[in-house]
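User: Could you take a close look at the backbone of this model for me? I would like to hear about one loop in particular, and then how it fits with the rest.

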Amino acid sequence: MAENTTREKPARKGALLEVENLRVEFPTRRGTLTAVDDISFHIDEGEVLGVVGESGAGKSMTGTAIIGLLEPPGRIAGGEIRLDGRRIDNLPYEKLRRIRGREIGMVFQDPLTSLNPLYTVGHQLIETIQTHTDMSESQARRRAIDLLAEVGIPAPERRIDQYPHQFSGGMRQRVVIALALCVNPRLVIADEPTTALDVSIQAQIIKLLKKLCSEHGAAVMLITHDMGVIAETADRVAVMYSGRIAEVGPVREVIRNAKHPYTHGLMGSIPMVGHDLDRLTQIEGSMPRLTEIPTGCPFNPRCPKVFERCRHERPELIAVEDTRVACWLYEEGEQRRTGSHG
Amino acid sequence: MADAAVAQAARSGTDDVRPLVRVEGLAKHFDVSPPWLTRVLRHEDRTLVRAVDGVSFDIPAGRTFSLVGESGCGKSTVARLVVGLYNPTAGEVEFDGVSMANLKSRREMAPIRKRLQMIFQDPYASLNPRWRVADIVAEPLRAHGLMTDRRAIQKRVGELLELVRLSARDGEKFPHEFSGGQRQRISIARALASNPEFLVCDEPTSALDVSVQAQILNLMKDLQRELGLTYLFISHDLAVVYHISDYVGVMYLGRLVEWGTARDIFRRPQHPYTRMLLDAIPDLEMSGRQRIPVAGEVPSPIHPPSGCHFHPRCPFANERCKAEEPKAIATPAGGKVRCHAIEEGRLTEEVVQHALGRD
């Protein structure tokens, strides 16, 4: 199974990606900064996991660690990353590169940086396909045209020979998605795929990503700061804060019934059409810099429900109803704690 | 009180409050032609981008008017025209009854200049990194010659920083010591230094995280109430616009396609483009509401489509839409809209429902 690259839809839903106690550190002259601090999560086959958080929460860093593209001096300082049961965090560069192309596809925020401006779109697609399969040039070209058609690019036979600058922003992002899906990856990591796009294009790209992943049966790790995109796309969502997961659970549950005070505040701070509020919920302050992460729960200085324990002890993720929360307001398997803090 | 006035304005189609800013037939064309020799050799004419093409609206004093649209629709160009950073190709901007086009010299401009200020999108680019915050905030005071006494300036800067919920002591620091949200507060403090009545805010929260955006939006609303400010707010984010605006104008390729009170635009959108934009907002409440599927992209503003610019993407377009530019007509709610389908009464509820059912 592990070496099986021709894929069918699995009968059993199992964890495709498992991340366990992952730590990402940046050694600097003034000490070691921890960008991702001991986080664990999994993504099932065919599942869309949203990873949401504000800038500096460590969400992109988690994504880059998984694909092994951390910029030095950043390094994985602990934990394991397993794809389909195989560890991929300790592989040599060449082996990891092969997995990255064949089994993990990537879509980044800015489509211009993911495409080489000097080559035609077709050249880049065909090269990727030929690197990872043994198709002939003409077969690969046919596959590239099919892919462009699949991601909704009109007249793909003509456009395949054009350069990236001849495409609009939305169309370019479609090309990047085609590039990510070239070799039927099992996991797609999409880092802010719609952030640089206009709202009407964003809606189309979200729809496309969702459709393609369900058709190709690929699992998706969708990294974004936009709760709206998560609500439209993800099955489950992990809310990150200061390099840790504050809350993870089914999207509907997290959005409608947020348990962690941070998630709760975050949801209240999003303006929504149709909600006549004079003021938005305001979380005072901002996310701490990596050099100034407080002890205990990293959210404690901004938390409206903070109490003594939060300042000293770090809360671990525990199951509360359908979600898992890292907050001292809750106890394993229980409802919200009663008393003055609830 | 304010709500009652807005509601009444919605009924009568005008606001009882006097307009502080009037924009009439405003246009800005940019010449993007290749150099003369190239044009001659290729037998090409000049190429003009009609970035803003005949835009008119009023902003009543003490209210917020928002321009919303996708990139390239000309909303930021309108903002720059209104504060006088660009000269209009046609039309005029009237501020408190005075036409800005008549103010030729710097001297005539000066009394108006200090009454209007601008806040920019990127708080990292709009603050000089080598200046202390106190000097940044005091710059308008010095530039307009409002204060000369060093101690008076220091006191005023302290007040301004506290007004935007920073500490007076923060004046000693440099911009890099602040987070994005705090920097945007500094920009606001600087904009308020000359006691302006009118602020033009070009995507002031687009570069910020949501929780910080909430802080800035709350602050802007508080300041409007405390100081009676009038805002022209530019944004691509419809939820933010809904939250902050009294009036909304929807722009598409240089033209206003629909404008009116925020309430009506969002509750009863008329123009197919407004409907499409509203339908493109992610469904955060996960209500599963029915939406018209979004299609197509904004075409190049260099060669905009003929007639109604929106016709290639419009599910309700016909021959007339391709040929003729629609005129502004009044909506039942008191707003204005430019659409042949609405004018002809083609856009009935059944037609819209049919479009919904297609997906």
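Analyst: Happy to! Helices here are DSSP runs of H or I with at least four residues, strands are runs of E with at least two, and both are numbered from the N terminus. With that in hand, and keeping in mind that this is a predicted model, let us go to the loop of chain A that runs between strand E7 (187–191) and helix H8 (199–216), where Glu192(A) sits. Glu192(A) is not a glycine, yet its phi is positive, at about 50°. Is Glu192(A) buried or exposed? Glu192(A) counts as buried because 20 other C-beta atoms lie within 10 Å, and 20 or more is the cut-off for that label.

Chain B offers a residue to set beside it. Glu203(B) is placed in the loop between strand E7 (198–202) and helix H8 (210–227) of chain B. Glu203(B), a residue other than glycine, also has a positive phi, near 50°. With 20 other C-beta atoms within 10 Å, Glu203(B) is buried.

Back in chain A, another loop deserves a look. Between helix H1 (59–66) and strand E4 (75–83) of chain A you will find Pro73(A). The peptide bond joining Pro72(A) to Pro73(A) is cis, with omega about 10°.

For the wider setting, an unreviewed UniProt entry places the feature "domain: ABC transporter" at residues 17–267 of chain A. Across residues 17–267, chain A is 41% helix and 28% strand, and the C-alpha atoms at the two ends of that stretch are 28 Å apart.

Methods
Residues are numbered from 1 along each chain as its sequence is written. Chains are lettered from A and ligands numbered from 1 in the order in which they are written. This is a predicted model: local features need pLDDT of at least 70, side-chain atom pairs count only at pLDDT 80 or more; totals for chains, interfaces and linings use all residues. A residue is buried if 20 or more other C-beta atoms lie within 10 Å of its own, exposed if 12 or fewer, and partly exposed in between; C-beta atoms are placed from the backbone. UniProt positions are given in the numbering used here, feature names are shortened, and annotations may be inferred rather than shown by experiment.
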